[in-house]
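This report describes a structure chain by chain and domain by domain. The account follows below.

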Amino acid sequence: MSGALLVAKGVTKRFGGFVALGGVDLSVGAGERVGLIGPNGSGKSTLVNCIAGTVRGGGSIEFDGHDLAPLPPHRRIRLGIARSFQIPRPFASMTVLDNLRIPLLYAARAHPLLQRSRGRETEEALSILRQVGLEAKAGRLSRELTQVDMRKLELARAIASHPKLLVADEALAGLSASEVDEILAILLEMKGRGVAVILIEHMMRAVLRFSERIAVLVVGRKIADGPAETVLRDPAVERAYLGQ
Amino acid sequence: MKTSSFTAIALCTALLVAGTTSALVTNDYFFSASYTVLQFVVLATAWNILGGFTGYVNFGSAAFFALGAYSSIVLDKLFEAPITLSILSGTAVAALVGLGMGYLTLRLRGVFFAIATLAFAEVLFTFVVNWDYVGGARGAYVVLQGRPPLGFRSFVQFLFAIMALMAAGAVAIARFVQTSTLGLGLAAIRDDEVAAECSGVPTLRLKLVSTTVSGGLMGMAGATFPYFLSYVEPHGVFSLSYAVNSIAMPLIGGMYDWAGPVIGALLLGGLQQVLQVNVSADWNLFLVGALLVVFVTIAPHGIMGWTFRRGRRARPT
Ligand SMILES: Nc1ncnc2c1ncn2[C@@H]1O[C@H](COP(=O)(O)OP(=O)(O)OP(=O)(O)O)[C@@H](O)[C@H]1O
Ligand SMILES: [Mg+2]
């Protein structure tokens, strides 16, 4: 795909003798909304880790015209790849607000290390917290949050890095129906800002509502990729995933 | 408070304390005890930059302390270098070694890193014991000649004044690190290194800054040690007491804030001096151990964490 934001080709990853990813291709255009689905253990999070750089695999990944291979994760997020963690990983000793100040200072703007930030990023952090409904808890220690709030914090922290591509790894798990709608609204809004989103999700209702395109991973291989109607009617997908 | 005002106040306080005590107190024991306590303020503060702010436990404090002490010995043997030069070079050598150790070991986490620092201290100890130029296992003499400078009545008074300035400087540096963007990044590393990296924090670079500054300050504390004792030998410089105290003091005072190690060092260091005079030096490590057990069970975030219940943290504002 020409002009694509993310172009991953033949991404592989083995854990010992176990092949978690057996050559996966995935392209995402600027501002595109892609749903990534697949049964448990099919390699979705591993693919995210390869893109974010927290796991080193084979194959090639380009982002915004840059070859990602030599870049550590902190350089990738500065290019615009943000991810939320499937299992929330908040900065536990910090307040919710400070959790957001990290990406705001380190990823969104290259802030000189030996300065005190003058707190201008605080304003923005609060506005992002307002979006995800965490503003009232800005001063709480993040380790005191509920699981649901920690998921919202994951998302807020990813948004705070000013991404061009946001990968939400099961950001909706455990949320109530109204909360799912809230978060989906935020993710849908990202399109207005030209941010592409990969949504990894087991809840089909949310995936269908959100995605312009759906890619399906099964045991480390992509077996389908296209508009929702075509993908869901694909017999291979039915057999391997929906039919189980 | 701005960093510059804090630094100025800290240094002025040090000068004031050194000046008035020199004028009023005649007993040299007071200065030698105070010197030792302040030396622990520097060591604990330095340890805490890597251990408390960044979350990497260093068991090799004695090695960095020794690097400072032995670089002074070498300079003294070479050309009887002035003490300021010894302090600068001790700091620089320990900082460089901190950087190097960082490169070699920072890919290790948790207990593996701690063990690597312990091994490093052992290696350095063996090296020094076998290095004849600095006296090997026999040790070496460094004797300050002539009259004490700047009108001080004794060399101990003079060294106490220098240590007071170094302690003020170390505390100012620690506070500056904590309140800068750097400190927020270090706290992120301590909390979750992967999440920090994924939030744009250049973790490796920040950890190297942390090992360098921490190591350098420990070397600084050690650089004046040979002048203080006039005679040093490896077992004294590499004493277990330095490794244990520089961990215990921040733990007792609180590791998330620059003030924690200072409180811990004044408290624990002061108690040890009292114990040493009134009972015996052999009880010092026992005291440290007992206090550690008490604090780990009752106030795991130290005195600072206990005072500020809501858990303080790096807070650049
Ligand atoms: N660090 C690791 N070491 C060994 N095996 C791993 C590791 N990480 C993942 N795996 C394995 O790789 C496979 C793919 O895991 P991955 O987490 O990518 O799946 P997933 O599609 O995200 O699943 P889920 O829907 O449960 O989140 C699984 O079988 C998992 O056990
Ligand atoms: Mg997963």
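In this predicted model, the centres of domain 1 of chain A and domain 2 of chain A, taken over C-alpha atoms, are separated by 26 Å. Domain 1 covers 1-80 + 167-175 + 196-244 of chain A, and domain 2 covers 86-162; the bounds come from an automatic or database domain assignment.

Between the two domains, 10 residues of domain 1 of chain A are in contact with 7 residues of domain 2 of chain A, contact meaning heavy atoms within 4.5 Å. Together the domains bury about 800 Å², 54% of it on carbon and sulfur atoms. Buried area here is the accessible area (1.4 Å probe) that two parts lose on being put together, summed over both. Of the area that domain 1 of chain A buries against domain 2 of chain A, I77(A), R78(A) and L175(A) supply 45%, more than any other three residues.

The two domains of chain A have 0 salt bridges between them, a salt bridge being a side-chain nitrogen of Lys or Arg within 4 Å of a carboxyl oxygen of Asp or Glu. They do have 5 residue pairs in polar contact, both residues at pLDDT 80 or more. A polar contact is a pair of N or O atoms within 3.5 Å; within protein, one must be able to donate a hydrogen and the other to accept it, and residues adjacent in sequence count only if both atoms are side-chain atoms. On the side of domain 1 of chain A that touches domain 2 of chain A, α2 (73-79) and β7 (165-169) each supply at least two residues.

Over all chains, the count is 18 salt bridges. One of the pairs is D225(A) with R213(A), at 2.8 Å, N to O. It links distant parts of the chain, with D225(A) in strand β10 (residues 221-226) and R213(A) in strand β9 (residues 213-218), 12 residues apart.

Helices (H or I, at least four residues) and strands (E, at least two) are DSSP runs, numbered from the N terminus.

| Chain | Helices and strands | C-alpha box along the principal axes |
|---|---|---|
| Chain A | 9 helices, 10 strands | roughly 55 × 40 × 35 Å |
| Chain B | 15 helices, 2 strands | roughly 60 × 45 × 40 Å |

Chain A, with 244 residues, has a radius of gyration of 18 Å, which agrees with the value near 18 Å for a compact globule. For chain B, with 317 residues, 19 Å agrees with the value near 20 Å. The radius is taken over C-alpha atoms, and the globule rule is 2.2 Å times the number of residues to the power 0.38.

Residues are numbered from 1 along each chain as its sequence is written, and chains are lettered from A in the order in which they are written. Local features need pLDDT of at least 70, side-chain atom pairs count only at pLDDT 80 or more, totals for chains, interfaces and linings use all residues, and side-chain values use heavy atoms, with hydrogens and water left out.
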